[in-house]
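Me: I would like to learn how to read the packing and the surface of a protein model. Could you take me through one case, step by step?

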Amino acid sequence: MKNRQLLFLRDTLVYTFSTFGGPQAHVAILLRDFVEKRKYVTEAELMELSALSQILPGPSSTQTLVGVAWKVGGLRLALLTFLIWVLPSAAIMCLAAIGYKTFASTGKINDILHFIRPAAVGIVAYAAVTFAQKIVNSRVSAYLATGSLIATLILQNPYAFPLLILLGGIISSAFETQPVEDAIRVKLFSNVNPKKVGYFIGILLFFGALGALINRTSPFSLPVRLFENFYRNGILIFGGGQVLVPLMYTEFVELKHYLSNAEFLSGYALQQALPGPTFSFTSFVGAITLGNKGYGIAGEVIGSIVAVIGINLPGLILILFIVPFWEDLKKITRIKNSLSGINAVAVGFMATALILLVAPFGTDWMSYLIMICTFCLLYFTKIKTPVVILAGVVLGLLI
């Protein structure tokens, strides 16, 4: 058993440094490497965890991976997996923020990103197609995927995500649950300690109010308020990275002016070229924010730590709290049947993200070509994602 857990940590490390394309691509890679290759969990278990992470606020890719780790080795393995998954990309983004002005002044970043951006979109397309092939297997799921695609394109509002997820679960549950099955009773929370529930709720609420209690003239004011900002976003964000970025842009750039438009977009573009979780982008935002406010390099490091912990903590608490009794929870037939609808809605989200990412290409035929080539390489060959990204970097430096 110990050897299996060590092997899991090794595979997690490989996964951390080889998973590109944002949250849309992560489930497809988990399915290939952790289910089909290693059989740490079954395909059904992975799909259930993915659906559960869609229900919960927070980083969906991180929650899914941590949930898999819990099933393999319990709480200790889950926490180690979280650190291995989050720390490398967060550290790189922190270093990028510290050296941002020097790096941006060289002009090379734009040359590199010219090839990386369409390649990343091709990775998203690959993830969307492979995920849809697994999930959209009935008329109801097809309607839900199409409906969520249309709704998100029309609304263009991050708060539509939790509503659509809820509706998808309700609709699939209503269509797929039989009256006889619905009569099944499950003793769900018989082993849950009420004190633990109170502790869990208290943690979620405590930091939400902490920022308001700190005197704004205190030198600790901005770091604490920054933590509250990220923690609050971690509670509110459903649907993963595609929701995180527009919310953060509105709050940190347009409303609070913590960083400029150019700084925000440069950091996000760099993150898209890195493996690991999309939420590591917060490391860059936190570091740049305190750097712009005159806190120096030490302040930038603190800002990075504050951001990463703040944005991930709510989702981490939630997934670790729920996964231990998920086996009982999913026995409730209506909840179990809702998962197919939730995953179908997620397919619509992925398609929406793909359309929005392609839109800026305009008439740039080269970007379309790179995107299509990337998709074909991943879908029809065994070429790994890092190879595609590295090729984009090399082309950007040479051409």
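The dialogue below goes from the overall make-up to the cores and then to the surface.

Me: Before any detail, how many helices and strands does the secondary structure come to?

Reply: Keep in mind that this is a predicted model. Its secondary structure comes to 19 helices and zero strands, and of the 399 residues in the protein, 53% are buried. For contacts with a separation of 6 or more, 76% join residues 24 or more positions apart.

Me: Which residues touch the most other members of the largest nonpolar core?

Reply: A nonpolar core is read as a set of buried residues of the nonpolar kinds, joined through side-chain atoms within 4.5 Å. The largest one here has 53 residues, and Phe8, Leu46 and Phe131 are those that touch the most other members. Helix α4, residues 60-98, supplies the largest share of this core, with 11 residues. Apart from it lies another core of 29 residues, which includes Ala97, Ile237, Leu270 and Phe281.

Me: If I select Phe8, what is it in contact with, once its neighbours within four places in sequence are left aside?

Reply: With those neighbours left aside, Phe8 is in contact with Phe34, Tyr40, Val68, Ala69, Val72, Leu77 and Thr81. The last of these, Thr81, lies in helix α4, and its own contacts, counted with the same exclusion, are Phe8, Leu9, Thr12, Leu65 and Ala69.

Me: Is Thr81 buried or exposed, and why?

Reply: The general test is relative accessible area, where buried means under 20% and exposed means over 50%, with partly exposed in between. Thr81 counts as buried because its relative accessibility is 0%.

Me: Turning to the surface, which residues form the nonpolar patch?

Reply: The patch consists of Leu95, Ile98, Ile297, Val301, Ile305 and Ile309, which together have about 530 Å² of accessible area. Two elements, α4 and α15 (296-322), each give two or more residues to this patch, and the largest share, four residues, comes from α15. For the protein as a whole, about 18500 Å² is exposed, and carbon and sulfur atoms supply 69% of that area.

Me: Why does Ile309 count as partly exposed?

Reply: Ile309, which is found in helix α15, has a relative accessibility of 43%, and therefore it counts as partly exposed. The same scale that places Thr81 among the buried residues at 0% is the one to apply here, since partly exposed covers the range between 20% and 50%.

How values were computed:
Residues numbered from 1 in each chain as written. Predicted model: local features only at pLDDT ≥ 70, side-chain atom pairs only at ≥ 80, totals over all residues. Heavy atoms only, no water. Buried < 20%, exposed > 50% of the residue type's maximum accessible area, 1.4 Å probe, protein only. Contact = heavy atoms within 4.5 Å. Patch = residues over 30% accessible without salt bridge, like charges linked within 9 Å, V, L, I, M, F, W, Y side chains within 5 Å. Areas by Shrake-Rupley, 256 points an atom, 1.4 Å probe, with all protein chains shown as cover. Salt bridge = Lys/Arg side-chain N within 4 Å of Asp/Glu carboxyl O.
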